[in-house]
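Here's a quick briefing to read with the structure open beside you. We'll start inside, then look at how some helices pack.

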Amino acid sequence: MLVFRRWCFITLLSTILLIAIGGLVRSTGSGMGCPDWPKCFNCWVPPTNVQELPNGYEAKYIALRLKKNERVAKTLRALGFTETAEKIKNDPSVLEAEIFNATKTWIEYLNRLIGVLIGVFIFITVILAWRLRKTDMRLFWLSLAGLVGVGFEGFLGSIVVSTNLMPQFITVHMILAILLLLVLVVAWHLSKPTPTKIISETEIQKSKPLFYGGIALCSLVSVQIIMGTQVREGVDLVSRQLGEAQRADWVNHLPSVYNIHKLFYYLLLPLTLVWLYKMRELFKFQNVLKTQSFAVFSLLNTEIILGISMHRFAIPAFIQPLHLTIAVSLLAVLFAQTMNLNVTRK
């Protein structure tokens, strides 16, 4: 069980790292650094110089992208998503050739490598969970769900590339990443050693409302992350329209979801502080809650400071992936703490 728990934790940290690298890909505009998938410019090790690419490579990858999008649109149309299918089929941005940039290519390639590494980690986790099936079958099903999720994330990533970073798919990509993160947190929580301390009925009753409150907070943080993804889509659009020269004015042209995203912290902060305050009564039977409460408080305040910095200083590119990484770390720690509140008498 200890080996499984360690591998599960490594996979959990790797998933947060992958989301962070994904944020770096977005902030540096490296999403189309590799115009094909799973290879990069039809190579397992991407080129470092444009001279390594054949003449007319731009037209070649546009043609391949159009062909793949036709298949994706056909599938979506069959599933009833006609409007999205038509957007994919008629999106003029797909015809835009991506100019080779070695730095962007290798940032995107690193993103893919870490995705493959997580796939390996979670495959090992599934094998370890299968060996523990007689102890707790839930560990196997959760690990298997994580493996399927990683595979589907990779498939969705290929669609994101072929549709030239279509916003709808980027948002779904982030939602699935959040779900994968939560699945791994649950698996890691279930693998913890059985507590030797006897928990009283009073403590169990006190923990229940806090548990549901924690679930509500996790839901709010998840909504905040998804809204942040949509704000990021707005930043991409505004940056193309106004250009780097007018970066200081980007904030004033962002969609209305940005204002909601910004004001949402005024709701999230007091609710979290009240929840953490109520948590103090439970410290006497779960010392780990002290550390987790401090982590939640620190991460939330860091996230707010980073958000203010982005607003005040024209959305610096280096803060964007850090802002996302802190957000998903906050969600992971908050959810882990909430799982610790789901106590029953042994």
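Which residues line the largest cavity? Keep in mind that this is a predicted model. The lining is made up of Pro35, Phe41, Tyr57, Glu58, Tyr61, Ile62, Arg65, Ala97 and Glu98. Below are the details, sorted by topic.

**Cavities**

- If you set the bar at 30 Å³ or more, the structure holds two cavities.
- The largest cavity comes out at about 60 Å³ in volume.
- Sort its lining by class and you get six nonpolar and three charged residues, with no polar ones.
- The charged part of that lining is Glu58, Arg65 and Glu98.
- The second largest cavity offers about 50 Å³ of space.
- Around this second largest cavity sit Met32, Gly33, Phe41, Glu98, Ile99, Phe100, Asn101, Lys104 and Thr105.
- Here the class split is four nonpolar, three polar and two charged residues.
- Phe41 and Glu98 turn up twice, in the lining of the largest cavity and in that of the second largest cavity.

**Helix 1 against helix 4**

- Helix 1 covers residues 2-27 and helix 4 covers residues 102-131, and their axes come within 9 Å of each other.
- The two axes cross at roughly 160 degrees, and angles over 145 count as roughly antiparallel, so helix 1 and helix 4 are roughly antiparallel to each other.
- As for handedness, helix 1 passes helix 4 in a left-handed crossing.
- The contact between helix 1 and helix 4 has 19 nonpolar residues, along with seven polar and one charged.

**Helix 1 against helix 10**

- Helix 10 is made of residues 319-340, and its axis and that of helix 1 come within 8 Å.
- These axes cross at roughly 155 degrees, which means that helix 1 and helix 10 are also roughly antiparallel to each other.
- This time the handedness is right-handed, for helix 1 passing helix 10.

**Salt bridges**

- How many salt bridges does the model have? The count comes to three.
- In one salt bridge, the side chains of glutamate 108 and arginine 112 meet, with 2.9 Å from N to O.
- Both residues belong to helix 4, and because they are four residues apart there, about one helical turn separates glutamate 108 from arginine 112.

Key
Residues numbered from 1 in each chain as written. Predicted model: local features only at pLDDT ≥ 70, side-chain atom pairs only at ≥ 80, totals over all residues. Heavy atoms only, no water. Axes fitted to C-alpha atoms, helices over the stretch in contact; angles between N-to-C directions. Helix = DSSP H or I, 4+ residues; strand = E, 2+ residues; numbered from the N terminus. Parallel < 35°, antiparallel > 145°, perpendicular 65-115°, else oblique. Left-handed = near helix turned anticlockwise from the far one by under 90°. 1 Å grid on protein atoms, 1.4 Å probe; cavity = no way out; pocket = protein on both sides within 12 Å on 5 of 7 lines; lining within 4 Å. Points joined across faces, edges and corners; volume = space filled by probe spheres on them. Salt bridge = Lys/Arg side-chain N within 4 Å of Asp/Glu carboxyl O.
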